[in-house]
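Here are a few exercises to work through with the model open beside you. Try each task before you read its solution.

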Amino acid sequence: MRTCLRSLAAVAAVLGATLARADPPSATSTSPASQEQSAANAASTADPRLVFSGQGSWLSEDHGGGGGSVTWLRNFGAGDVLGLGAEYQTIANSHWTLGNFNGSLAAGQGALKSILYAEAHEGRGDTAGSPFHYNVVAGGLINSPSSWFTWQLEYRYIDIQPSHGNLPKLALSFRLGTPLLASVAYAQSFGGNLGTKLGTARLDYVGKRFNWLIGAAYGPVSPAVLNIIGQQVAAARTLKEGFIGAGKTLGRADWQLVADYQDLEGFKRTTLTLNCTWHLSGH
């Protein structure tokens, strides 16, 4: 039973990290939601680029893991983005390989625009010799009714065996002057067994050559565990998370380092992620 609960905690920690950062942590992220500003700056420039990401994780009880990904991104006008990539991750006795797709379409001019986006992460993995399927798809709308306010509505379907369910999210962003952006988000699952009610807050500074971010998330991310006769074996667990990062542009490359700390009621995970966006055209 202890091994089962430890495996559950590991899965919940990984899932919690995914849910907490449904908003990408930086403009170097591969999700279309994070491309709004870079797409506006690129205007009609194609700006093809490769995004490389590598990470290492350290868990409670001397377990750990890591992984990496590579994604090709291309702009088609201001806000129209297409991305294709591959990813491999391992943690404790689990590992998985994914193919990633994302795309977005923009309508409007300048900062006052709407962006429709979609993404999919499809693959397979293995936990202690038991194979599992990994399927996460999402779609949403980002709208900027004014130059200082943006709202985002997203629907995400998660099926990472044995966890599955629907996760809608509402996010609000407020521009505090030209370089600062404050955001809050809330996601609550329904259907399936995700058991998630997660709130996130973050602050971003985006300059021409330097950027940083800081944020936190809090809320339950794992359901209560029941045995075959309906008795509760393990209570639902609450995630406490904090993350901080900084980035800088050097030549053609945008570099960013992000540190993330999670505490799932005693099960702890620390992750360091290094992202590099290489602009192929040199713009």
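**Exercise 1. Work out whether Phe 149 is buried or exposed, then do the same job for Phe 174.**

Step 1. This is a predicted model, so every value here is computed from predicted atoms.

Step 2. Start with Phe 149: its relative accessible area is 18%. Buried means under 20%, so Phe 149 counts as buried.

Step 3. Now take Phe 174, which has a relative accessible area of 31%. The exposed class begins over 50%, with partly exposed in between, so Phe 174 is partly exposed.

**Exercise 2. Classify the ring pair made by Trp 96 and Tyr 134, then the one made by Phe 149 and Phe 174.**

Step 1. Know what to look for: a pair of aromatic rings is described by the distance of the centres and the angle of the planes.

Step 2. Searching the whole structure turns up five aromatic pairs. In one of them, Trp 96 and Tyr 134 sit 6.5 Å centre to centre with 15° between the planes, and that pair is stacked.

Step 3. Place this pair on the chain. Trp 96 belongs to strand E4 (residues 94-109) and Tyr 134 to strand E6 (residues 130-143), so to speak distant parts of the chain, 38 residues apart.

Step 4. Check the cover: both Trp 96 and Tyr 134 are buried.

Step 5. Turn to Phe 149 and Phe 174. Their ring centres are 5.4 Å apart and their planes meet at 40°, so this pair is tilted. Phe 149 is in strand E7 and Phe 174 in strand E8, and the pair links parts of the chain 25 residues apart.

Step 6. Look for a third ring: ring pairs link Trp 148, Phe 149 and Phe 174 into a cluster.

**Exercise 3. Trace how E7, E8 and E9 are joined.**

Step 1. Begin with E7 (residues 149-160) and E8 (residues 163-175): they run antiparallel and are joined by 12 bridges. Two residues lie between them in a hairpin.

Step 2. Pick out one bridge: Thr 150 has Ser 173 in E8 as its partner.

Step 3. Move on to E9 (residues 180-188), which pairs with E8 in the antiparallel sense over seven bridges. Here Phe 174 has Ala 182 in E9 as its bridge partner.

Step 4. Inspect the turn. The hairpin of E8 and E9 has four residues between the strands, and Gly 177 takes a positive phi near 85°.

**Exercise 4. Do the same for E1, E2 and E3.**

Step 1. E1 (residues 49-59) pairs with E2 (residues 64-75) over 10 bridges in the antiparallel sense. Ser 57 has Gly 65 in E2 as its bridge partner.

Step 2. Four residues separate E1 and E2 in their hairpin, and Glu 61 in the turn shows a positive phi of about 60°.

Step 3. E2 and E3 (residues 81-91) also run antiparallel, joined by 11 bridges. One bridge takes Ser 69 to Glu 87 in E3.

Step 4. This hairpin has five residues between the strands, with Gly 77 in the turn at a positive phi of about 85°.

**Exercise 5. Where are Ala 92 and Ala 128 found, and what is the phi of each?**

Step 1. Recall the background: most residues other than glycine have a negative phi.

Step 2. Ala 92 is in the loop between E3 and E4, and its phi is positive, near 50°. With 36% relative accessibility, Ala 92 is partly exposed.

Step 3. Ala 128 is in the loop between E5 (112-127) and E6, again with a positive phi near 50°. At 58% relative accessibility, Ala 128 counts as exposed.

**Exercise 6. Which residues make the nonpolar surface patch, and which strands supply them?**

Step 1. List the members: Trp 58, Leu 250, Trp 255, Leu 257, Leu 272 and Leu 274 make a patch of about 600 Å².

Step 2. Assign them to strands. E15 (253-264) and E16 (267-279) each supply at least two residues, while Leu 250 sits in E14 (residues 237-250).

**Exercise 7. Zoom out to the whole protein: how many helices and strands are there?**

Step 1. Count the elements: two helices and 16 strands.

Step 2. Add the burial: 44% of the 283 residues are buried.

Step 3. Finish with the surface, about 13400 Å² accessible, of which carbon and sulfur atoms hold 63%.

Conventions: Residues numbered from 1 in each chain as written. Predicted model: local features only at pLDDT ≥ 70, side-chain atom pairs only at ≥ 80, totals over all residues. Heavy atoms only, no water. Pairing = 2+ DSSP bridges. Buried < 20%, exposed > 50% of the residue type's maximum accessible area, 1.4 Å probe, protein only. Areas by Shrake-Rupley, 256 points an atom, 1.4 Å probe, with all protein chains shown as cover. Phe/Tyr/Trp six-rings, centres within 6.5 Å; stacked < 30°, edge-to-face > 60°. Patch = residues over 30% accessible without salt bridge, like charges linked within 9 Å, V, L, I, M, F, W, Y side chains within 5 Å. Salt bridge = Lys/Arg side-chain N within 4 Å of Asp/Glu carboxyl O.
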